[in-house]
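This report introduces a structure to a reader who has not met it before. Please examine the sequence and the model before reading on.

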Protein chains: 2
Amino acid sequence: MPNKKARTATVAGETAANVRDAEAARATLLAVAAQEFATRGFAGARLEVIAAEAGITRAMIYYYFGGREGLYVAVLEDAYRAIWKAEQALATQALGPQEALRKLVEFRVNYYIDNPTFVSLVSIENQHKARHLKRSRSVTSSAAPSLAHTASILAQGQALGVFRKDIDVVDLYQVIVSLGFFNASNRYTFGAIFGRNALDAAPVRRFVSDVVLRYVAVTPTTKGKKT
Amino acid sequence: MPNKKARTATVAGETAANVRDAEAARATLLAVAAQEFATRGFAGARLEVIAAEAGITRAMIYYYFGGREGLYVAVLEDAYRAIWKAEQALATQALGPQEALRKLVEFRVNYYIDNPTFVSLVSIENQHKARHLKRSRSVTSSAAPSLAHTASILAQGQALGVFRKDIDVVDLYQVIVSLGFFNASNRYTFGAIFGRNALDAAPVRRFVSDVVLRYVAVTPTTKGKKT
DNA sequence: GTCTATATATGGATAGAC
DNA sequence: GTCTATCCATATATAGAC
């Protein structure tokens with residue numbers, strides 16, 4: 001797949017180096033495509049540009065992914081895989097429920113700020129009513145561990161009597177994602193209107209954690225207080 | 001401006017009917033354009049389609065708005081004007097701070113659900129880093145009353161001792177908008193992954209109000225409890 | 001498997017008639 | 001002020017050479 005190496009390797013005959021090359025080339029193509037789709041949208045992305053920056057020709061995109069749509073779906077799947085994989089690293093830490101929840105919130109706030117391409121791809125996919133995402137078994141089936149992570153923190157806090165019992169885990173998940181995602185996704189319009197810099201992460205982490213911890217707390221936490 | 005009425009009226013000679021016609025035609029064009037831009041994006045919108053649905057020709061868009069960009073900016077300005085105007089209707093009600101805040105939250109949750117065109121336009125504008133919005137004095141200068149509304153509720157609650165003193169009004173504003181906006185803007189991907197229907201507004205209004213009221217409360221409110 | 005070349009389509013912007 | 005007609009640029013998708 002990469003530049004001009006005339007190989008005749010069949011699937012059965014692939015060497016380790018071949019596989020590495022093919023995977024690296026695929027990764028490069030996906031990274032370039034993610035960037036281009038995120039910047040110009042699904043229809044606006046130029047296959048020409050993607051191919052050129054990945055060091056291949058347009059025809060290869062058709063050959064490997066069948067065209068624009070196949071490439072775009074692969075990019076989306078990759079993007080979700082990445083955030084969930086990053087989140088799973090948090091799950092191994094042994095912390096009390098409040099601290100675990102705070103870490104989770106901070107992870108989300110940071111991830112969206114640090115990965116504008118992911119944020120744009122998700123926004124774009126919503127403009128297409130998640131038409132492509134719905135067709136991807138890979139994405140819709142692999143969200144479970146992410147939700148389970150939040151659920152386990154919630155359950156732990158409830159068992160210890162520090163979190164309310166009447167919290168729905170999907171509500172909580174939505175609250176965390178909403179606050180984190182919006183801060184990054186709408187930073188330009190919100191910033192233009194209210195003169196805020198969403199990339200200044202520390203104050204955002206602070207008030208978002210505050211909101212979430214107070215939402216679940218049985219009694220008001222004093223952790224988030226500024227005074 | 002509307003269909004095939006050969007008029008020779010100058011600006012000075014405009015009759016009331018002329019003005020009404022011109023305004024109605026402009027409103028039609030803006031409504032059609034808003035829909036098309038929201039659906040297909042800034043670059044993806046076809047001027048051809050907009051013109052046809054508004055009952056005019058492409059050339060007229062150039063004549064009146066100078067082209068795609070001028071039309072798009074007018075659409076954006078109109079969209080913000082509309083939400084702020086709708087919000088101002090709330091400001092006249094005489095309520096206690098908790099009830100006023102709840103009404104404000106519910107208004108926002110409902111508005112984003114009921115106005116998907118607005119939500120899409122804002123999302124699209126963020127994908128363009130608010131390039132057009134920044135140039136529009138009309139929008140950036142008219143946000144003040146909206147923020148003032150939230151500020152006055154906050155101040156009232158603080159004066160009565162029911163809201164915390166250490167709440168930043170822009171933080172509060174951002175929390176409300178984040179929760180409401182995301183619910184509508186990301187309903188497709190979130191719904192596809194977690195099987196939620198964001199358009200079922202009642203439960204969303206409930207937990208979002210709960211989150212916001214607990215955020216500002218000096219003591220935990222029991223209003224939001226389900227048990 | 002990868003490239004070059006091309007057939008084909010689309011739509012933006014504007015000139016000019018009325 | 002409004003329409004018709006046209007020029008022109010851009011990109012997709014694929015056929016065919018190597």
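The sections below describe the fold of chain A and then the salt bridges.

## Fold and surface of chain A

The model is predicted. Chain A contains 12 helices and zero strands, and its pattern along the sequence is accordingly written α-α-α-α-α-α-α-α-α-α-α-α. Among the contacts in chain A with a separation of 6 or more, 67% join residues 24 or more positions apart.

Chain A has 227 residues, of which 49% count as buried. The area that chain A exposes is about 10600 Å², and 55% of this area is supplied by carbon and sulfur atoms.

## Salt bridges between helices

Side chains of opposite charge can pair when their charged atoms come close. Over all chains, the whole structure holds 22 salt bridges.

One of the salt bridges joins the side chains of A:Glu48 and A:Arg58, with an N to O distance of 3.3 Å. A:Glu48 belongs to helix α2 (residues 47-54) of chain A and A:Arg58 to helix α3 (residues 58-65) of chain A, so this pair ties together parts that are 10 residues apart in sequence. A:Glu48 has a relative accessible area of 46% and is partly exposed; A:Arg58, at 45% relative accessibility, also counts as partly exposed.

A further salt bridge links A:Arg135 with A:Glu69, and the closest N and O atoms of this pair are 2.3 Å apart. Which parts of chain A does the pair of A:Arg135 and A:Glu69 tie together? A:Arg135 lies in helix α7 (residues 131-135) and A:Glu69 in helix α4 (residues 68-88), so the parts that are tied together are 66 residues apart in sequence. A:Arg135 counts as exposed, at 60% relative accessibility, whereas A:Glu69 counts as partly exposed, at 31%.

## A network across chains A and B

The side chains of A:Asp166 and A:Arg164 also meet in a salt bridge, at 3.2 Å from N to O. Are these two residues buried or exposed? A:Asp166 has a relative accessible area of 13% and A:Arg164 one of 4%. Buried means under 20% relative accessible area, so A:Asp166 is buried, and A:Arg164 is likewise buried.

The pairing of A:Asp166 and A:Arg164 is part of a wider arrangement: a network of salt bridges links A:Arg164 and A:Asp166 with B:Asp210 and B:Arg214. The network thus includes residues of chain A and residues of chain B.

Notes. Residues numbered from 1 in each chain as written. Chains lettered and ligands numbered in written order. Predicted model: local features only at pLDDT ≥ 70, side-chain atom pairs only at ≥ 80, totals over all residues. Heavy atoms only, no water. Helix = DSSP H or I, 4+ residues; strand = E, 2+ residues; numbered from the N terminus. Buried < 20%, exposed > 50% of the residue type's maximum accessible area, 1.4 Å probe, protein only. Contact = heavy atoms within 4.5 Å. Areas by Shrake-Rupley, 256 points an atom, 1.4 Å probe, with all protein chains shown as cover. Salt bridge = Lys/Arg side-chain N within 4 Å of Asp/Glu carboxyl O.
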